[in-house]
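Here is a short, friendly tour of a protein model, meant to be read with the sequence and the 3D view side by side. Please keep both open as you go.

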Amino acid sequence: MIIVSQDKDEFVNFDNIMNVCVTDCDEDGFGIFAGFIVGRDDNYRGLGYYKTEERAKEVLREIKGNWEIRRDLAYYMPKE
């Protein structure tokens, strides 16, 4: 599955991701970040940002659900 970032300027292959997590970004809200398996100086990439932790976790569940159902699809990170 491919995940397209919220601002649509980057996409990542889910096969290369070690983990996806929700992180408290203080005044910026909550971010969803992907950690990569392959070597990179920057091991985490921001995929999207949301005002509440609840919304970020909802999006995280959507990613998981889409991956379980159809691994060949692209998942577009939703706006707020």
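## A walk through the sheet, the helix and the core

Let's start with one pair of residues: V20 has A34 as its bridge partner, and A34 belongs to β4. Please bear in mind throughout that this is a predicted model.

That pair belongs to a wider pattern, since β3 and β4 (residues 30-36) run antiparallel and are joined by seven bridges. Together with β5, these strands make an open sheet of three strands, ordered β3-β4-β5, with antiparallel pairing. The edge strands are β3 (17-24) and β5 (44-50), each of which pairs on one side only. On average, neighbouring strands of this sheet are turned by 20° against each other, direction ignored. As background, strands of a sheet pair through backbone hydrogen bonds, either parallel or antiparallel.

Now add the helix to your view. Helix α1, made of residues 53-69, lies across β3, β4 and β5, and its direction is at about 40° to β4.

What about the nonpolar interior? The largest nonpolar core has 16 residues, and I3, I63 and M77 are those with the most contacts inside it. At least two residues of this core come from each of β4, β5 and α1. The biggest contribution is from β4, which gives four residues.

M77 is a good residue to click on. Leaving aside neighbours within four places in sequence, M77 is in contact with a list of residues that includes I3, V4, S5, I32, L47, Y50, V59 and I63.

Two loop residues make a nice pair to look at next. S5 sits in the loop between β1 (2-4) and β2 (11-13), while D26 is in the loop between β3 and β4. Is each one buried or exposed? The table gives the values.

| Residue | Relative accessible area | Class |
|---|---|---|
| S5 | 2% | buried |
| D26 | 61% | exposed |

S5 counts as buried because its relative accessibility is 2%, and buried means under 20%. For D26, the value of 61% lies in the exposed range, which is over 50%.

Which residues surround S5? Beyond its neighbours within four places in sequence, S5 is in contact with E10, L47 and M77. The side chain of S5 also makes a polar contact with the side chain of D9, at 3.2 Å.

L47 gives a handy reference point for D26 too: D26 and L47 are 21 residues apart in sequence, and their C-alpha atoms are 17 Å apart in space.

Methods:
Residues numbered from 1 in each chain as written. Predicted model: local features only at pLDDT ≥ 70, side-chain atom pairs only at ≥ 80, totals over all residues. Heavy atoms only, no water. Pairing = 2+ DSSP bridges. Axes fitted to C-alpha atoms, helices over the stretch in contact; angles between N-to-C directions. Contact = heavy atoms within 4.5 Å. Buried < 20%, exposed > 50% of the residue type's maximum accessible area, 1.4 Å probe, protein only. Polar contact = N/O pair within 3.5 Å; in protein donor to acceptor, adjacent residues only side chain to side chain. Core = buried A, V, L, I, M, F, W, Y, C linked by side-chain atoms within 4.5 Å.
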